[in-house]
Structures are given as C-alpha cells and as structure tokens.
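Here are my notes on the model you sent, as numbered points. Please read them with the sequence and the structure open.

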Amino acid sequence: MTVPTIDVHAHILLPAAEALVAGLPGLEEAKALDARRNGAASLAVNGPMVAERIPRLTDVTVRLAAMDAQGVDIQLVSPSPAHYHYWADEDTAVRLCRLVNEATAAHCSRAPERLYGLGLVPLQHPEQAVRALEHALEQGLSGVEISSHAPGRELSDPVYEPLWALAEERGAILFLHPFGCTLDERLDRWYLSNTVGQPTENAVALSHLIFSGVLDRHPELKLVAAHGGGYLPTHIGRSDHAWRARSDAGAACSHPPSSYLRRIWFDSLVHDPRVLRALIAAVGADRALLGSDFPFDMGTDDPVGALRAARLAESDFHAVRGGNAAALLRLT
C-alpha cells in the first residue's frame, strides 16, 4: 500500500466567521493592536495577498486542483488563525467556534477522503473550551487549532487542564499555530512580526507546556506544532542546561526538556533544508510531518520538494511525507 502524501498545515478562510464579529465591541481595538504589531507596510501587503488566495481558501474544487498540482493527497485543514478572535465575549466566542467548526466540517465533507479538518476553541473562556472541543469532534473534525496564548493566560495555566484531559482521552489533535506576537511594536517593520514573532511564540508556548508539567500529566496528548516548533527544537540544549542547573527551571517537569520533543509532532515548514535536518535530528523522524501553510505567502507551494531538499534517508522521507500523519489521523 502506497502511503498518501499528507499536508497537516493548510488553512480555510470563512467569511461567515468575520461577518459574525463585524461591528462588535472589541473588534476595532483588536484590529488596532494587530496594526501596531505588524506595521503599516506589512498590512498593505497582507490585504492583496489574502485576496488573491481566497479561491484556494474557500472553494473545495480550487483547493483540490491546487493539491493535485503539489502532489498532495490529503490536507488537514485548519481555520485561518485570523478567526481566533480571542478578544470576543463569551457568547460571541461560543457562537463563533460553533460556526467555524460546522463550516470547516462542511468544507471537508465535500471531499471526505482528501480533506480532514480542525476546529476552534475559545481559549479566552476556558470554561467553554471543553464544550467547544466536544462540538468539534461531534462534527467529525480531528481536533482543534489553538494559538500560543490567550489574553492574560499562558497555555501552562491550570484552567486548561480539563481541555488537555479531554483531548488526551478522545485522541484529539491540538494544532499549535500562533497568531500575533507579544513583542508588539519591536517587530513592526520588515514583517518581523511573522518571521521572528511566529517562531518565538511557538518556542514560548511549547516551553510553557513542557516546563509546567502539562506533558507529564498528559503523556498521550496529540500536540502538533506549526512552523517546526519555532526556535525551541534546535535550541533545546539551553533549556536542558537550565533544567539541570537551576531549581526554579526544573521544579515542575520530571525529565530534561529535550525528552518531551519526542512527545510532540512538528511540521516541516522551516524554509531551510539544513534546519529541517536539525529539527528531525532533535525530535526524531517519526515526529515530523509535512506542512505547507497552504496557501499563504509564508508557506511553500512545493512542500514535497522542500522535504526532498533535506536529503533525508528514504524511509525518513516517506515517514515525514505521509506515514507519520497517516498514523496520527488513524488512517492506517
């Protein structure tokens, strides 16, 4: 049996989600914060970039044709992180997540053998997050996408324990995909908000989950980190040193931080074959997954070619190309 090529990092845009929050108190403040963090030059590029890609983000027929051109058999489709709207009040957040979950499931149902989906949970309202995950799974989705933090809360916050417990119990995938960076205006030029901000947010969020003991308490959690996990996997030696050298660093997790990398999955979207080889050396070939960030400009139009450029052993290449994701999605 030939292993399918599976892209675990592909997005959908849902205009109905943005229509739901349009005009609500808090939206303009959130947009202003986004503008400060990204800077005017980046926002001027973002608008036309997204507009040109709307057919691939919304039309299943166009998506499938693009997948065929890339040599991708299956996508794990997650909502655009712009749909998080963690500023929203509880009622709005619940309605938004339900809409996104249902719309994503409907999109994937148009090609059920090729499209699997992820939903959203309202991290800003932890008491609603469990129910939102349940709702996502009821729609036939494979799990949910989360950002690196919510306003005033890190992923290490104990209030998220019920969410991690349910995800572990149900085998739900948690796709960690940051949106925005708390370094704010320091990154407001040259698109540093993304090129530096996203890897930073990945590293911070994963460190919170590791050092707080979340992965000790939930060893079967199916956590997938976008963008190769950011800076953490290739700089994990510093974390290991701190864990050994300082009582405060090692107080809450039982093992050296590097050991937890083999409990997490990482996508291949690192834009450099040398970095991809270093990532796989750090986490293991069985913990790497093909990712493209379809169809955004910070992704790759040739994820298989980018993977091939890393010159992995043939067995490792095919594991990352699709074998690992097939097991994660329970296709084998």
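1. How many of the seven residues of strand β1 (residues 6-12) are buried? In this predicted model, seven of the seven are buried, so strand β1 is largely enclosed by the rest of the structure.

2. Strand β1 belongs to an open sheet of eight strands, in the order β1-β2-β3-β4-β7-β8-β9-β10, with parallel pairing. The edges of this sheet are β1 and β10 (288-289), each of which pairs on one side only. Please set this beside point 1: β1 is an edge strand, and seven of its seven residues are buried.

3. The partner of β1 is strand β2 (residues 74-79), and the two run parallel over five bridges. One position to check by eye is D7, whose bridge partner in β2 is Q75. Further along the sheet, strand β7 (residues 173-176) and strand β8 (residues 222-225) are also paired in the parallel sense, over four bridges. There, I173 stands opposite K222 in β8.

4. On the overall fold, the protein chain contains 15 helices and 10 strands. Its radius of gyration is 19 Å, close to the 20 Å from the globule rule for 332 residues, so the chain is as compact as a globular protein of that length. The C-alpha trace spans about 50 × 45 × 40 Å along its principal axes. Of contacts between residues at least 6 apart in sequence, 76% join residues at least 24 apart.

5. On burial and surface, 54% of the 332 residues count as buried. The accessible surface of the protein chain is about 14,000 Å², and carbon and sulfur atoms account for 55% of that. The chain carries 29 positive and 40 negative charges, and the mean positions of the two sets are 4 Å apart.

6. The loop between β6 (153-154) and α7 (161-170) deserves a look, with Y160 in it and L155 placed there too. Is Y160 buried or exposed? Y160 has a relative accessible area of 0%, which is under the 20% cut-off for burial, so Y160 counts as buried. L155 is likewise buried, at 0%.

7. The surroundings of these two residues can be listed. Beyond its neighbours within four places in sequence, Y160 is in contact with L123, P126, A150, R153, E154 and L155. On the same basis, the contacts of L155 include L123, I146, Y160, W164, L176 and V214. Y160 and A129 are 31 residues apart in sequence, with 8.2 Å between their C-alpha atoms. For L155 and R37, 118 residues apart along the chain, the C-alpha separation is 21 Å.

8. Some backbone geometry should be checked. Most residues other than glycine have a negative phi, and most peptide bonds are trans. W190 is not a glycine, yet has a positive phi of about 60°. R311 also has a positive phi, near 55°. The peptide bond between F294 and P295 is cis, with omega about -10°.

9. Where do W190 and R311 lie? W190 is in the loop between β7 and α8 (192-195), and R311 is in the loop between α14 and α15 (314-328). W190 is exposed, with a relative accessible area of 70%, and R311 is exposed as well, at 75%. P295 of the cis bond is placed in the loop between β10 and α14 (303-308).

Key
Residues numbered from 1 in each chain as written. Predicted model: local features only at pLDDT ≥ 70, side-chain atom pairs only at ≥ 80, totals over all residues. Heavy atoms only, no water. Rg over C-alpha atoms; globule rule 2.2 N^0.38 Å. Buried < 20%, exposed > 50% of the residue type's maximum accessible area, 1.4 Å probe, protein only. Contact = heavy atoms within 4.5 Å. Areas by Shrake-Rupley, 256 points an atom, 1.4 Å probe, with all protein chains shown as cover. Lys, Arg positive; Asp, Glu negative; His and termini not counted. Charge placed at Lys NZ, Arg CZ, Asp CG, Glu CD. Pairing = 2+ DSSP bridges.
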